[in-house]
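Reader: I would like to go through the reasoning behind some of the labels used for this model. Could you show it to me, please?

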Amino acid sequence: MKRILLALLLLIAPLPALAAPVQVVASPGGVTAWLVEDHANPLVAVSLLFRGGGAAADPADKAGLATVASGMLDEGAAEMDSRAFQDRLDALNVSMSFSAARDSFSGEMLTLSAHRAEAFALLRDALTRPRFDAEPLERMRAAFLTRLRRQQENPGSRASQALFAALFPQHPYGRPTAGTVEGISAVGAADLHAFARSRFTRDRLIVGVVGDISAAELAPLLDATFGGLPATSPLPPVAETAPALSGKTLTVEMPVPQAVAIFAQAGPGRADPDWLPFQVMMYVLGDGGFSSRLTAEVREKRGLAYGVDAGSLPLADAPLVAGSVGTQTAKIGESISIIRAEWEKMRAHGATAEEVEKAKSFLAGSLPLRLNSSPAIAGTLTALLYYRLPPDELDRRAAEIAAITPADVARVAAKWLTPDKLTFAVAGETAKMHLDAQ
Amino acid sequence: MPLRMPLRPFICAALFAAVLPRAALAKVFDPAVFTLANGLTVVVVENHRAPIVSHMVWYKTGAADEPPGKTGLAHLLEHLMFKGTPKVPAGEFSKIVAARGGIDNAMTSRDFTAYYQRIAAQHLPLVMRLEADRMAHLKLAEADFESEREVVREERRQRVENEPSAMLSERLSMALWMNHPYARPIGGFDSEIRGLTRADALAFHKRWYAPDNAILLVAGDVTPAWVKELAEKTFGAIPRAGTPKRVRPTPEAPPADIRIAFSSPLVRQAAWRRTQIAPSCATADARTGAAFETLSDILGGGATSRLYRKLVLADKLAVGVSAYYRGMALGPGSFSVAATPAQGVSVETIDAAVATEISAIAEHGVTAEELARARERMLAARVFARDDLFAAPQALAEALAVGCSISTVENFAEDAAALSPADVQAAARALTGPYAQGILTPEAQR
């Protein structure tokens with residue numbers, strides 16, 4: 001117990017505007033978690049993530065492995081088959097879910113504090129002793145294949161898939177995170193066991209906990225839950241890559257009345273020193289909702305779209321800036337040419353002092369809005385850990401944002417924006433698109 | 001993929017079900033509720049964890065209150081509320097909120113239209129001034145009206161015409177509700193949206209947007225006394241309008257089962273659903289509502305529900321199945337079951353299997369253990385709801401906006417705990433009558 005308490009003293013930092021501080025809890029066994037202790041409601045929320053455990057690490061012929069795994073972890077573990085495991089979750093009112101992103105694999109758990117010991121034990125079993133039985137595997141396979149078919153009905157998904165396939169012809173980012181029909185069909189129990197062994201390791205693990213639990217109570221639970229995971233694994237890193245940006249507009253034929261365009265170019269990564277001024281610039285250009293130039297020009301002035309936006313997509317191996325717009329087929333070319341023109345205008349002239357001030361004010365002032373519920377706070381903790389930021393990041397970020405000048409914004413705009421490389425994929429009735437209007 | 005939440009959506013009440021699965025719970029929020037002299041109802045939920053606030057104004061009007069031939073008007077007006085007043089120029093509302101770190105949006109349903117801002121608590125006086133200003137002083141330039149009407153048409157294309165399942169829902173509602181205003185699509189028909197005028201919007205605003213036809217909901221780092229003081233200074237200055245009380249007609253009961261089949265070359269995955277008219281908090285007592293909510297939970301509330309265990313786990317007929325009861329409505333409610341057929345399984349087989357499960361409860365009731373589990377889930381949901389200061393407290397305002405009471409939400413778990421298996425059985429019996437089926441199939445399968 002002494003060691004635990006010593007570890008607790010290492011770092012205690014306030015999350016801005018949150019009554020309780022972030023405590024860094026290191027367990028006797030060497031598992032670390034960030035904790036916001038809050039006894040207002042009798043519940044505990046856990047957010048966890050494995051770095052590099054996402055779809056980008058799936059074998060080329062098993063695209064969708066991480067996604068299938070995300071559906072299988074609560075479908076039987078240890079001595080409990082699928083029905084017994086689900087029944088236990090239900091009886092205890094524990095909600096547990098997992099999801100696969102391109103670069104990471106994440107999980108969430110929410111439990112009443114009365115059941116927290118058993119909830120953590122169920123989480124341990126899901127991660128360390130998943131069964132991957134045949135019945136739930138076939139059931140989940142069918143569910144994920146169904147989801148792929150549904151995505152094929154959605155023009156945004158189709159355009160996005162076409163764009164990523166074109167940007168990353170040789171890299172896993174070119175494959176859909178949700179997998180392919182061939183990949184999901186090929187996943188077997190042995191693949192899933194290998195997946196769990198190689199991706200759920202302590203060196204990849206990140207944990208955020210919020211709620212009715214003290215650091216001294218959490219520390220032994222961390223060992224009990226995650227201590228059984230392997231320390232590390234030889235999972236090969238995914239190679240860094242540069243997106244193949246042709247600057248062209250690709251098309252996907254679909255019988256829909258509204259064409260949907262997805263577009264991207266290269267951008268700074270999360271650790272790039274340009275990150276924050278770039279965020280200010282993108283807020284003005286396309287990430288600021290009704291305060292953005294793209295919304296002003298495409299939606300407000302011309303009524304060409306319901307939604308138009310663009311912002312950073314900081315993929316680990318190829319950071320991008322990406323955006324979307326949906327416009328009636330005959331006028332999609334007009335929306336695309338406005339977006340290209342605004343891109344060039346920002347690159348050449350930057351943003352006005354007033355725009356920069358408003359963007360800074362939003363980006364700093366909106367930070368506390370992520371703290372509305374225990375799961376939301378736990379997710380914020382995990383996100384900070386994922387990007388290797390300190391617990392007092394939100395306070396520090398407000399100060400860093402305050403120091404950004406219009407000259408910084410003009411500099412990052414000129415450095416990063418490449419209108420000639422901005423590449424579009426549009427799904428819709430291609431014959432009626434008038435893309436030559438660009 | 002950076003497809004964010006679309007701006008200013010119109011919603012159906014089902015969206016709240018997604019946020020708050022077992023929405024209503026006993027003594028959940030323990031709100032302070034009071035009424036200003038001009039009739040504005042104010043609901044305050046204190047939550048001091050972070051110095052933030054959720055500020056919402058709910059109007060007791062929605063798509064079901066539109067004049068004939070003017071579908072889409074309530075939703076278009078929701079968009080136009082951002083188009084300015086004498087004090088706040090068009091398009092500035094959201095920018096003023098954003099420049100202080102806040103976010104804002106709005107939503108339209110059949111029975112209500114709601115506007116919200118989420119922002120640091122210190123800016124509550126500002127957002128209350130802004131919201132009160134546009135309640136009383138909406139000003140619309142013709143050019144802004146026309147461009148926003150085009151935006152709303154794009155929203156319909158994106159959310160309905162591009163989505164076969166949304167097209168099906170629209171047609172299914174029309175078939176089910178027939179002569180009732182709930183038959184109208186919330187976003188409107190394109191042909192009718194095109195005909196809407198600036199004068200229509202201003203008239204709808206004048207008729208419905210008034211303090212005595214609205215609910216103010218403030219949740220977060222505030223005290224009721226502070227909210228009252230601010231509300232009196234802002235909304236309190238707006239005169240009562242004497243807005244007429246809304247009455248929804250009684251729908252014609254479907255004489256027989258209705259079947260709407262929709263296929264398109266866009267559809268890759270078949271889908272099936274059934275929906276029927278059910279009691280609501282406005283047409284039945286709290287116990288009845290709790291019984292339908294409990295039935296929907298036992299029948300189709302997740303991986304341990306009867307329908308999932310039978311159709312998905314045991315018989316492999318479906319890939320997914322769920323049940324949904326919509327009890328918060330000024331008119332009647334509805335009860336729906338949706339399923340995704342497994343490859344090669346016909347929708348007729350699904351339909352029959354679901355009917356068999358409903359009949360089983362109608363004939364034999366539910367077990368004491370099922371009822372006890374459902375109660376536990378509702379008690380737990382109460383704790384989880386209290387933890388969230390953004391989405392969860394909305395159930396309070398929604399209840400008031402559809403003419404029901406705060407106790408519909410606050411006492412829900414108690415009402416559910418008092419149920420007997422016979423109450424749930426009675427709810428299932430009520431579902432054995434005619435219903436409307438919606439079927440979506442790939443064109444090739446037809």
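Reader: Happy to start with A:Leu127: leaving aside its neighbours within four places in sequence, which residues is A:Leu127 in contact with?

Author: This is a predicted model. Beyond those neighbours within four places in sequence, A:Leu127 is in contact with A:Leu48, A:Phe50, A:Leu73, A:Phe98, A:Phe200, A:Phe226 and A:Leu229. A:Leu127 also ranks, with A:Phe226 and B:Phe335, among the residues with the most contacts inside the largest nonpolar core, which has 94 residues. Helix α12 (residues 347–364) of chain B gives the largest share of this core, seven residues.

Reader: What makes A:Glu300 and A:Arg299 a salt bridge?

Author: Their side chains meet at 3.3 Å, N to O, and the cut-off is 4 Å, so the pair qualifies as a salt bridge.

Reader: Why is A:Glu300 called buried?

Author: Buried means under 20% relative accessible area. A:Glu300 has 16% relative accessibility, so it counts as buried. A:Arg299, at 0%, is buried as well.

Reader: And B:Glu150, why is that called partly exposed?

Author: The partly exposed class lies between 20% and 50%; B:Glu150 has 24% relative accessibility, so it belongs there. Its salt-bridge partner B:Arg153 has 12% and therefore counts as buried.

Reader: Why does the pair B:Arg246 and B:Asp65 tie together parts that are apart in sequence?

Author: The two side chains meet in a salt bridge at 2.7 Å, N to O. B:Arg246 lies in the loop between α9 and β7 of chain B and B:Asp65 in the loop between β3 and α2 of chain B, so the pair ties together parts that are 181 residues apart in sequence.

Key. Residues numbered from 1 in each chain as written. Chains lettered and ligands numbered in written order. Predicted model: local features only at pLDDT ≥ 70, side-chain atom pairs only at ≥ 80, totals over all residues. Heavy atoms only, no water. Core = buried A, V, L, I, M, F, W, Y, C linked by side-chain atoms within 4.5 Å. Buried < 20%, exposed > 50% of the residue type's maximum accessible area, 1.4 Å probe, protein only. Helix = DSSP H or I, 4+ residues; strand = E, 2+ residues; numbered from the N terminus. Contact = heavy atoms within 4.5 Å.
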